[in-house]
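Take a walk through the fold below. The route runs from unusual backbone spots to the core and its rings.

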Amino acid sequence: VVIDNTAPTAIITSPTSCSNVVGQVDIRGTATDANLDSWALYYTGGDVHGWVTIASGTTPVINGPLGQWDTTGLRPCAYTLRLVVTDKSVLDCNGALRNQSEYLVSVNVGAHGDFDADHDGDVDLRDYRLFEDAFTGPR
């Protein structure tokens, strides 16, 4: 009989908290335990309600890729990544209760502060003029 009271290890190393991300985002970190059952990587934020699965697995990941998050369809906003790692131990003789660890990272998705108001590919005085007219009214 082996008694395992140690919590699994759950760490997201990339992206880091408060970073800005866009497009395909590689998520790296660690999801491991001596008696690993499974791990799952999720996100929430923006228009999403609840946790959406990005990736999951049953084999350990140590300082490696956990998944790739496609943010191209998400609107610019704050999002949270969540890594949950579960081991095989049973708590209080209840098969539904397991040792779990989770790690959260909050990031900003999308290009915030896009000042290309006329959408010509650059930020110049014409963009400033459109901003100024919107802010103070036309002259």
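Begin at N63, in a model that is predicted. N63 is found in strand 6, which spans residues 61–70. Its backbone stands out. Phi of N63 is near 50°, a positive value in a residue that is not glycine. Most residues other than glycine have a negative phi. The side of the chain where N63 sits is open to solvent in one plain sense: N63 has a relative accessible area of 55%, so it counts as exposed.

A second positive phi turns up elsewhere. C18 has a phi of about 70°, and C18 is not a glycine either. This residue is found in the loop between strand 1 and strand 2. C18 has a relative accessibility of 64%, so it is classed as exposed.

Stay in that loop. Strand 1 covers 9–14 and strand 2 covers 20–21, with P15 placed in the loop between them. The peptide bond from S14 to P15 is cis, with omega near 5°. Most peptide bonds are trans.

S19 is found in this loop too. Is S19 buried or exposed? The cut-off for buried is under 20% relative accessible area. S19 has 18%, so it is buried. The side chain of S19 reaches back to the backbone oxygen of T16, at 2.7 Å. S19 also meets a remote stretch of the chain. With neighbours within four places in sequence left aside, its contacts are S106, V107 and N108. Strand 8 runs over 100–109.

Now move inside. How many residues does the largest nonpolar core have? It has 22 residues. Those with the most contacts inside this core are I12, I27, W39, L66, W69 and L83. Several strands feed it. Strand 1, strand 3 (24–32), strand 4, strand 6, strand 7 and strand 8 each supply at least two of its residues.

I27 shows how these parts meet. Residues up to four places away in sequence are not counted here. I27 touches I12, S14 and P15, among others. S14 and P15 are the two residues joined by the cis peptide bond. The list for I27 also includes L41, I54 and L81. From the stretch that follows N63, I27 touches G64, P65, L66, G67 and W69. Two of the contacts of I27, I12 and L66, are also among the core residues with the most contacts.

W69 leads on to the aromatic rings. The count of aromatic pairs comes to 3. Take Y43 and Y79. Their ring centres are 6.3 Å apart and their planes meet at 55°. Planes over 60 degrees apart count as edge-to-face and those under 30 as stacked, so this pair falls between and is tilted. Y43 lies in strand 4 (residues 36–45) and Y79 in strand 7 (residues 77–87), so the pair ties together parts that are 36 residues apart in sequence. Both tyrosines, Y43 and Y79, are buried.

Y79 has another partner. W69 and Y79 form an edge-to-face pair, 6.0 Å from centre to centre, with 70° between the planes. This pair links W69 in strand 6 with Y79 in strand 7, 10 residues apart. W69 is buried, because its relative accessible area is 2%. Y79 has a relative accessibility of 2%, so it counts as buried as well.

Put the ring pairs together. They link Y43, W69 and Y79 into a cluster. W69 thus belongs to this cluster and is also one of the core residues with the most contacts.

Terms used:
Residues are numbered from 1 along each chain as its sequence is written. This is a predicted model: local features need pLDDT of at least 70, side-chain atom pairs count only at pLDDT 80 or more; totals for chains, interfaces and linings use all residues. Side-chain values use heavy atoms; hydrogens and water are left out. Rings of Phe, Tyr and Trp (its six-membered ring) pair if their centres lie within 6.5 Å; planes under 30 degrees apart count as stacked, over 60 as edge-to-face and the rest as tilted. Helices (H or I, at least four residues) and strands (E, at least two) are DSSP runs, numbered from the N terminus. Buried means under 20% relative accessible area, exposed over 50%, partly exposed in between (1.4 Å probe, protein chains only). A polar contact is a pair of N or O atoms within 3.5 Å; within protein, one must be able to donate a hydrogen and the other to accept it, and residues adjacent in sequence count only if both atoms are side-chain atoms. Contact means heavy atoms within 4.5 Å. A nonpolar core is a set of buried Ala, Val, Leu, Ile, Met, Phe, Trp, Tyr and Cys residues joined through side-chain atoms within 4.5 Å.
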